[in-house]
Amino acid sequence: MQTLQLTNDVYWVGALNSTLRAFDIVFEARFGSTYNSYLIRADKPAIIDGVHEKFTAEYLSKLQSLIDLKDICYIVVNHTEMDHTGSLTSLLKEATNAQILSTKTSSLFLKNILYSDYNGKVVEDGECVSLGNKQLQFIHAPFWHWPDTMFTYVQEDAILFPCDGFATHFCDERLFDDRVDDFSEDFRYYFEHIMGPFRKKVLEALDKIKQLDIQMIAPSHGPILRTNPQKYINTYRDWSTPKPPQNKKLIVILYVSIYGNTKKMAEAIAKGASTVNTEVKLMDVSGISPEHIRSEIESADGLLFGSPTMNGDAIKPIWDMINILFSLNIKGKKCATFGTYGWSGEAAKLMEDRLRGLRLNVALPPLKINFIPTEDILKKCSIYGYDFAKSLTSF
Ligand code: FEO
């Protein structure tokens, strides 16, 4: 596929990566992804966003099919992550008259990406830059999903270029949302994993674009959204708006057990936690995909993790759960850890250390039980659950 015309003067000049199956190593891309870059052939031509370094040659060739690169006046860097700036060094070698437009944060990041002086201009929130017959307007959108991010809006074409916002890892060369296959599940997955931890920031930026006439959203990955763009904006708002607080605090207890002893602990903790005004969900996570319990984890007011110790460590199913927390909105949630052990008992403390690193709020010290919990010990576990539940309502 070569290029695709969006409007009279706006072209998609990006790259398709249909064989990709994991983006940034950790995010599922079951139908591949695209790196969307756009050329605006205005009086003063501009490029918006770039592509991954490994697609540089075909990217430059696509651009050259539409324009002499020396004629490019501006390169807009909405966001500096390397899937969009990997091609930038090579592009600058050809587009020698181009000035980079970016936020201040991006300009600092670019110093350590380009490793050379470059012709750049920092644009402020709301600032406009004239392309002659069109104007670029910049809307700062920090933490969509990096601190450097901004959107670019072109009023004359009513197009919003939000970089990673409203994007999808979904490769379909037909590109327009009314032409490609159903990508709704992947659109949701992308939001949950990339934007989910920054819902407050999502809402702040949505407020800034409320008044814009947006007829098309041209993101940096996946389909270009031209069928009722407001629908996607409303969807982001809905997914980002905090749900009304429930009367009862929700405690989610995730555990794994080898011989049933950590399971007994988990059940006793759940029993104790239930005596306070709480809802408790107890989940044996062996054999469960972490993806299936993302929403439970995010909805929880408190999280407990239980694992026996094996070879000086917690065991894999519980680490798999903890490993998805970085992509969830969980900072500050109350948590605690527990588990049985034979002779060393490191698991509970190792889990706690990791949870602290993820900036959860550890409410109680780890609870470790040697071998088989007796009735008295299970009472102790029950009290532990009660104390944890109480910690959710104390200040
Ligand atoms: Fe598509 Fe944050 O990079």
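A residue is called buried when its relative accessible area is under 20%, exposed when that area is over 50%, and partly exposed in between. The legends below apply these terms to a predicted model.

**Figure 1. Overview of the predicted model and its two assigned domains**. The protein has 395 residues, of which 55% are buried. Its C-alpha atoms fill a box of roughly 80 × 40 × 40 Å along the principal axes. The secondary structure consists of 12 helices and 22 strands. Of the contacts with a separation of 6 or more, 70% join residues that are 24 or more positions apart. The domain assignment places residues 4–240 in domain 1 and residues 249–389 in domain 2.

**Figure 2. The contact between domain 1 and domain 2**. The C-alpha centres of the two domains lie 41 Å apart. Domain 1 contributes 8 residues to the contact, and domain 2 contributes 7. Together the domains bury about 580 Å² between them, with 48% of this area on carbon and sulfur atoms. On the side of domain 1, H193, P197 and R199 lose the most area to domain 2, and together they account for 61% of what that side buries.

**Figure 3. Polar and charged links across the domain contact**. Between domain 1 and domain 2 there are 4 residue pairs in polar contact and 1 salt bridge. Helix α5 (residues 184–195) supplies 3 residues, the largest share of the side of domain 1 that touches domain 2. That side of domain 1 divides into 4 nonpolar, 2 polar and 2 charged residues. In the salt bridge between E298 and R199, the side chains meet at 3.1 Å, N to O.

**Figure 4. The salt bridge between R294 and E291**. The side chains of R294 and E291 meet at 4.0 Å, N to O. R294 has 7% relative accessibility and therefore counts as buried. E291, at 34%, counts as partly exposed. Elsewhere, salt bridges that share partners join R188, E192, R199 and E298 into one network. A search of the whole structure finds 21 salt bridges.

**Figure 5. The salt bridges of R174 with D181 and of D178 with R226**. The closest N and O atoms of R174 and D181 are 3.2 Å apart. R174 counts as partly exposed because its relative accessibility is 37%, and D181 is also partly exposed, at 46%. In the second pair, the side chains of D178 and R226 meet at 2.8 Å, N to O. D178 lies in the loop between β15 (159–161) and α5, while R226 lies in the loop between β16 (216–217) and α7 (229–240), so this pair ties together parts that are 48 residues apart in sequence. D178 has 43% relative accessibility and counts as partly exposed. R226 has 29% and likewise counts as partly exposed.

**Figure 6. The surroundings of G272 in helix α8**. Helix α8 spans residues 261–274 and includes G272. With 2% relative accessibility, G272 counts as buried. Leaving aside residues up to four places away in sequence, G272 touches S382, G385 and Y386. The C-alpha atoms of G272 and S391 are separated by 13 Å, although these residues stand 119 residues apart along the chain.

Conventions:
Residues are numbered from 1 along each chain as its sequence is written. Side-chain values use heavy atoms; hydrogens and water are left out. Domain bounds come from an automatic or database domain assignment. Contact means heavy atoms within 4.5 Å. Buried area is the accessible area (1.4 Å probe) that two parts lose on being put together, summed over both. A polar contact is a pair of N or O atoms within 3.5 Å; within protein, one must be able to donate a hydrogen and the other to accept it, and residues adjacent in sequence count only if both atoms are side-chain atoms. Helices (H or I, at least four residues) and strands (E, at least two) are DSSP runs, numbered from the N terminus. Ala, Val, Leu, Ile, Met, Phe, Trp, Tyr, Cys and Pro count as nonpolar, Asp, Glu, Lys and Arg as charged, and the others, Gly among them, as polar. Buried means under 20% relative accessible area, exposed over 50%, partly exposed in between (1.4 Å probe, protein chains only).
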